[in-house]
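Subject: Structure handover

Hello,

Here is the structure I said I would pass on. Please open it alongside this message and read the notes below with it in view.

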Amino acid sequence: MSEKITCLIIGGGPAGYTAGIYASRAGLAPVIYEGMQPGGQLTITSEVENFPGYPNGESGPVIVDDIRKQALRMGAEIRSGEISEVDFSKRPFRLVVDYDKELFAETVIIATGATARWLGLESEAQYRGFGVSTCATCDGAFFKGKTVAVIGGGDTALEEAHYLSKIAGKVYLVHRRDQFRASKAMQDRIYQTANIEVVLDAIPTEVLGEKQGFSRKVTGLRIQNKKTETVTDLALDGIFVAIGVTPVTALFVGQLDLDEQGYIKTAGARPLTNVPGVFAAGDVQDPHYRQACTAAASGCKAAMEAERFLLI
Ligand code: NDP
């Protein structure tokens with residue numbers, strides 16, 4: 001049997017839960033589908049110092065759980081389950097949950113976020129989960145006193161390197177250019193940390209490892225200097241890839257206008273997609289700021305737009 005929903009929110013992160021808070025208060029009886037990784041990227045963020053309201057900083061999972069609790073308290077219904085199909089060609093919009101249950105929604109707020117990007121090396125794929133990771137907070141503890149590398153030159157990579165420097169014996173920070181994209185404050189912190197060695201102009205070309213039966217372990221990373229083309233093997237126990245994110249929009253290809261990187265196109269500062277009644281909030285439509293704080297703000301805007309849309 002199909003179900004009718006006034007405001008369906010896809011994605012449980014700061015954007016989705018904040019949309020839930022506002023939509024509940026507006027009387028839209030929102031239903032949030034949390035998806036595969038409830039909490040989004042904050043759940044894999046160790047220390048967050050720049051989310052307002054936490055003067056002493058707080059861990060990502062605690063912050064996102066606080067927003068979730070607030071959405072529940074306001075009356076949002078939060079369900080586990082993945083939206084597997086959407087049809088935005090007419091209203092009410094048709095959606096399918098877990099390839100099974102059919103829903104009809106008057107408005108939809110998409111807050112599916114973004115996932116970590118991989119280098120795309122064949123060797124990287126072979127050692128994923130056997131020493132190659134995209135999440136220092138999840139996997140860092142396995143490398144106590146060991147040697148690891150973090151790949152990337154943005155704030156995420158530098159934060160991961162700093163976090164790992166407190167656990168690992170040594171951290172290489174491997175970046176493909178000679179300048180970091182990360183904030184000056186983060187760069188200063190890295191250069192002041194004794195057990196972090198910065199390796200610049202370094203293109204990772206192969207993850208090195210050993211295979212024994214079903215078991216595999218990382219033993220190093222082959223890098224090539226971009227300018228001199230010299231090849232070096234770093235001896236390592238683990239590798240953390242922190243080279244940015246990809247928006248989670250595969251479900252919306254052919255349904256909504258996406259940009260060339262796959263982000264949902266929205267109308268300037270407003271979270272309107274090209275389909276009236278479908279809104280996009282958070283990292284799924286934001287290649288620029290990608291902060292928990294800006295995601296929450298756009299969730300708020302999307303819910304206000306949904307309310308306005310339903311009144312027309
Ligand atoms: P970014 O896009 O900022 O950085 C990605 C990094 O990975 C770049 O240095 C890039 O190199 C490198 N890279 C990309 N592709 C490859 C590749 N194939 N091989 C090797 N290196 C590669 O992503 P982040 O996740 O670091 O940050 C995303 C956003 O979130 C940013 O706006 C950032 O400021 C923000 N952020 C803020 C934080 C905070 O305020 N506390 C914490 C974490 C993130 P190149 O520089 O050469 O392009």
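The notes below cover the ligand site, a pocket, and then a number of individual residues. Please keep in mind that this is a predicted model.

The ligand

The ligand is surrounded by 18 residues. The closest of them are D155, T156, E159, R177 and R181. By class, the shell around the ligand contains nine polar, six charged and three nonpolar residues.

Three contacts with oxygen atoms of the ligand can be listed. The side chain of N50 has an N or O atom 2.9 Å from an oxygen atom of the ligand. For R176, a polar side-chain atom lies 2.9 Å from an oxygen atom of the ligand. G154 takes part through its backbone, where an N or O atom lies 3.4 Å from an oxygen atom of the ligand. On its own the ligand would expose 910 Å², and the protein buries 78% of that area.

The second largest pocket

The second largest pocket holds about 330 Å³ of space. Its lining is made up of 20 residues, and those nearest the centre of the pocket are T266, G268, A269, Q285 and D286. Sorted by class, this lining has eight nonpolar, seven polar and five charged residues.

Backbone geometry

Some places in the backbone deserve a look. As general background, most peptide bonds are trans, and most residues other than glycine have a negative phi.

The peptide bond that joins R91 and P92 is cis, with omega at about -5 degrees. P92 sits in the loop between β6 (83–87) and β7 (93–97).

A29 is not a glycine, yet its phi is positive, near 45 degrees. You will find A29 in the loop between α1 (14–25) and β2 (31–33). A29 counts as exposed because its relative accessibility is 52%, and the cut-off for exposed is over 50%.

Y99 also has a positive phi in a residue other than glycine, here near 60 degrees. The loop that holds Y99 runs between β7 and β8 (101–110). With a relative accessibility of 74%, Y99 counts as exposed.

T228 and T232

T228 belongs to the loop between β15 (215–225) and β16 (231–235). Is T228 buried or exposed? The relative accessibility of T228 is 54%, so T228 counts as exposed. The side chain of T228 forms a polar contact of 2.7 Å with the side chain of T230. T228 and D201 are 27 residues apart along the chain, and their C-alpha atoms are separated by 9.2 Å.

T232 is located in strand β16. At 36% relative accessibility, T232 counts as partly exposed. Between the C-alpha atoms of T232 and K4 the separation is 59 Å, and along the chain these two residues are 228 residues apart.

D237 and D283

D237 lies in the loop between β16 and β17 (238–241). Its relative accessibility is 32%, so D237 counts as partly exposed. The C-alpha atom of D237 is 9.9 Å from that of L208, with their positions 29 residues apart along the chain.

D283 is found in the loop between β19 (278–280) and α7 (292–311). How does D283 count, as buried or exposed? D283 is buried, because its relative accessible area is 13% and buried means under 20%. D283 and V245 stand 38 residues apart along the chain, and their C-alpha atoms are 9.3 Å apart.

A short viewing order

If you want a route through the model, these stops follow the notes above:

- the ligand, with N50, R176 and G154 among the residues in contact with its oxygen atoms
- the second largest pocket, starting from T266, G268, A269, Q285 and D286
- the cis peptide bond between R91 and P92
- A29, for its positive phi
- Y99, also for a positive phi
- the side-chain contact between T228 and T230
- D283, as a buried residue in a loop

Regards

Conventions:
Residues numbered from 1 in each chain as written. Predicted model: local features only at pLDDT ≥ 70, side-chain atom pairs only at ≥ 80, totals over all residues. Heavy atoms only, no water. Near = heavy atom within 4 Å. Polar contact = N/O pair within 3.5 Å; in protein donor to acceptor, adjacent residues only side chain to side chain. Areas by Shrake-Rupley, 256 points an atom, 1.4 Å probe, with all protein chains shown as cover. Nonpolar A, V, L, I, M, F, W, Y, C, P; charged D, E, K, R; others polar. 1 Å grid on protein atoms, 1.4 Å probe; cavity = no way out; pocket = protein on both sides within 12 Å on 5 of 7 lines; lining within 4 Å. Points joined across faces, edges and corners; volume = space filled by probe spheres on them. Helix = DSSP H or I, 4+ residues; strand = E, 2+ residues; numbered from the N terminus. Buried < 20%, exposed > 50% of the residue type's maximum accessible area, 1.4 Å probe, protein only.
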